[in-house]
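Colleague: I'm new to this one, so please give me a close look at a single part, the place where the chains touch. After that, feel free to carry on to whatever else is worth pointing out.

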Amino acid sequence: MARKFGEYIAYRVILAIFVILGVITVVFFVSRVVPSDPAGLWVGAHPTKEAIEKAREELHLNEPLIKQYFYYLSSLLHGDLGVSIRTHNPVAQDLKSAFTATFELILVSEFIAVIIGIILGVYSAVKKDSWLDNLSRILAISGVSLPTFWFGMILQLIFFKYLGILPLAGRVDSVVILEHPLKTITGFYLLDSLITGNIPVFIDALKHLILPAITLAMYPIGLITRQVRSMMIEVLQENYIRTAWAYGIPPKKVYFKYALKNAIAPALITVGLSFAYTLIGAFLVELIFNWPGLGRYAAYSILSMDYPAILGVTIIAAVAYVFINLFVDLIQVYLDPRIEL
Amino acid sequence: MKKIVVRLFLMTLLVFGVIASGCIGGETTSTKQSTETSSSTTKTQVSNVVIYGYDSEMITLDPSIEFSNSIVTLANVYECLVKYTDKGLEPWLATSWESNDDGTEWIFHLREGVKFHTGNELTAEDVKWSVERTIRMGMGPAFIWDPVESIEVLDKYTIKFKLKYPANLPLIASSAYGAYIMDSKFLSQIGDDDAISNYLNKGHDAGTGPYMIAKYDPKTEIVFKKFDEYWGGWEENQFDTAIIKIIPDPALREQMVTSGEIHIAKSLPLDDIPQLQQNPDIVIKEEPSFRVLYGMLNTKKPPLNNKLVRKALSYATPYEDIVEYVLGGHGYVAKGPIPKGMMGYFEDLPTYTYDIEKAKQLLAEAGYPNGGLKLLLTYTQGDEAEGKVAELLKAEWQKLGIEVEIRPMNWEQQWALARSDPENAQDILLFYWWPTYPTPYDYLFNMFHCEEETLFNLCYYCNPEFDSLIDQAAVLEASDPQKAEQLYRQAIELLIDDAPAIFFYSPNYIYAIHKSVKGFKAYPAYPEVVFFYELRKA
């Protein structure tokens, strides 16, 4: 088993390298074939001809595209993602800060989604067609169909403007972090502030996270609830559940231990994929909550045709998709021994 | 089950941690600097803070290179020799200056006792070093110093510039880009020009300005601390700490300034301005800008190579309606190519006004009595104002039988198209111009001087008479301003008659100021900069 497991992972990783290489190639050529002038962007608003010519030299823009492609690949092999044409920062540095910001947000929102989605899903299956089921159906459908930016603004209105209990936007309050400077260890504010015992920043960062995390969680909550519910309804009619009832096992244990285990696999796939999707698809949520994340970075990079940055974001997204898929597959094996690798 | 959920969650976290550090791990050390500077100032008491909500991220922090919006940071930590205000040129780091008769030699007398943030004293050597570094690096704004032939330090506080040709050097020295004075003793220890650049871009500064950068996070916020030994001194009710907060969404900026979370916000949604003006917590400040919106007409391609057609379009543009509808009245109809507040703006200049009958007549004269023309108009994608102008033009020109195809493009693409063969390029291109430093020559030379290879002359206009007029005027700007102004006027009148561009409007900058802050003043020569030193607690 162990050897097979190792072989399988190696096989998937090798496959992933080809997938990612393919994605890089396509994105590189597409983003470079579109008529644009990276040198113009590099030098600023009102450059001189000499400055543009110099920038062309520096960025190797005068050389054939295929040569530039190999330049890019070879520096990529050295772990260098290049320098962003728009921000003049190394792409890796830009991505790191954007990625940690987004990732912290997604982790919290998926956590909320999994907990709420599973509980709602299980109980609406158990109490099928009750008021609870109907309520969760309304919640799930609105979660999937409401525009996230609208929902986010409504939350801002209620919790910031009318109730005044939660902050409007941002990751942390400027003044709080100024009074209690935070040492960066992982880049996740919650984790860093906990490790360093910086409680005021922890509380403030948590407060800032609640609204965007709930906004972002609405969509996966809807999906998970519906999927868990339909699978649970099926599973609850199985013979082994009837046996469990006959043994007099307490209901909570039957639902959450015996039934859910068989019902959860599709929901987990949903979680995994929505994870990858929100990584760069959360642009609108990031915009209204002023979250300095990957979505915003990707959108601005695309708008200004900043190809090293576009490629950087693409690589992150591709790596995330590939590994999340692998991860979801492994989880399924772990949960359901009948599935073979 | 709870156990499984928790375990799943932890595993996910782990795997992602590995991915994150694996694919972007190479850079962990370089990003740390920005935060280390802040953690070194542990537990600072923040007694008073002013926060400016700004819409774009910072780019570079090297004064020799920066040619974009990071001047909102630079202008608070560095200073130029001269400041351009609504009263004209005023002393900044230089207290006075003089030139020889033909304006080829300039002497600046520096303010004495000015300290850099490092504690070093400002001397003429610093000025020489800063300007020479900018020229040597030859990046973005370096061209402003093109007239300079050599720089000579006369004594500790006196410096002489020898020029290759006459130029208005104090005006150049007031530029918002490329004219900041740096601490040469300190920076030259860092290493070569690129090493200094890298050092500065990590969030350091080496200026004389009233504030120092305390924390630099170009995507979220820049925190400034006051510099105690600033030469201008400090008053009781000024701000110890200032923050530029990057907030790209205008609606969010609006909410934050009305709730007092930030104190100054720029470019709010125009539709909301009347409502904000009623808000007792907010003061709306409207300040003229040096930006002008142009419609560059392709003078190399039929039908716009015909002057009569270009004139017809100039007459068929509803100037007043555009200012009303697009800017909500927050701006004014352009009088020729140069904005108010600068040499070369003439209140009594005869310009085109909306006259559809005249336009029809001119079009008939040109041989298109019923129109039947098709024109391609491009503008910068995402620029709401340009988009609205395009829509209005399309509707209006339909009356002349002219069909306009509107194509929004991102700026780099649009510019690349305009710089390709004029025969295949757009017919009309909408774009803004603003000067590097406030001289009419910056507008007229860049957009309308003959060009062998197209750069910003996106109407491909070439008129030797016009060129010689503005070239003469530029030389005389400092030594004989009256004569220069007269020459500029001749050139501009020529330009208006040739109609290579439509001059739409100059928009105002609109700032919303929370009532807790007063003393705000905008300077069009330093676009979008909030000089925190001038602010007071209300």
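**Where the chains touch**

Modeller: Let's start right there: 56 residues of chain A are in contact with 60 residues of chain B, contact being C-beta atoms, placed from the backbone, within 7 Å of each other. Keep in mind that this is a predicted model, where local features need pLDDT of at least 70 and side-chain atom pairs count only at pLDDT 80 or more, while totals for chains, interfaces and linings use all residues. As for labels, residues are numbered from 1 along each chain as its sequence is written, with chains lettered from A and ligands numbered from 1 in the order in which they are written.

On the side of chain A that touches chain B, the elements giving two or more residues include α3 (49-58), α5 (91-126), α12 and α16 (307-335) of chain A. Helices here are DSSP runs of H or I with at least four residues, strands are runs of E with at least two, and both are numbered from the N terminus. The largest share, 11 residues, comes from α5(A). Sorted by class, that side of chain A has 34 nonpolar, 14 polar and 8 charged residues. For this count, Ala, Val, Leu, Ile, Met, Phe, Trp, Tyr, Cys and Pro are nonpolar, Asp, Glu, Lys and Arg are charged, and the others, Gly among them, are polar.

Now follow α12(A), which is residues 251-263, to its packing with α10(A), residues 199-235. The two helices pack at about 115°, their axes 8 Å apart. Axes are lines fitted to C-alpha atoms, for helices over the stretch in contact, and angles run from 0 to 180 degrees between N-to-C directions. V228(A), M231(A), M232(A) and V235(A) in α10(A) meet A259(A), N262(A) and A263(A) in α12(A). That contact holds 6 nonpolar residues, 1 polar and no charged.

Over in chain B, there's an open sheet of 4 strands in the order β4-β5-β7-β6, with antiparallel pairing; strands pair if DSSP finds at least two bridges between them. At its edges sit β4 (94-99) and β6 (148-155) of chain B, each pairing on one side only. From one strand to the next, the twist averages 20°. Inside the order, β5(B) (105-110) and β7(B) (158-163) pair over 5 bridges, and W106(B) stands opposite F161(B) in β7(B). Helix α4(B), residues 124-137, packs on the sheet, touching β5, β6 and β7 of chain B.

Chain B has some backbone oddities too. Most residues other than glycine have a negative phi, and most peptide bonds are trans. Yet P302(B) and P303(B) are joined by a cis peptide bond, omega about 0°, with P303(B) in the loop between β13 (292-297) and α10 (307-315) of chain B. A499(B) has a positive phi near 50°, and E528(B) has one of about 70°. A499(B) is buried, as 23 other C-beta atoms lie within 10 Å, and E528(B) is buried with 21 such neighbours. The cut-offs are 20 or more other C-beta atoms, placed from the backbone, within 10 Å for buried, 12 or fewer for exposed, and partly exposed in between.

Last stop: L392(B) in helix α13(B), residues 384-398. L392(B) counts as partly exposed because 17 C-beta neighbours lie inside 10 Å. Leaving aside neighbours within four places in sequence, L392(B) is in contact with P318(B), D321(B), I322(B) and Y325(B).

Key:
Contact = placed C-beta atoms within 7 Å.
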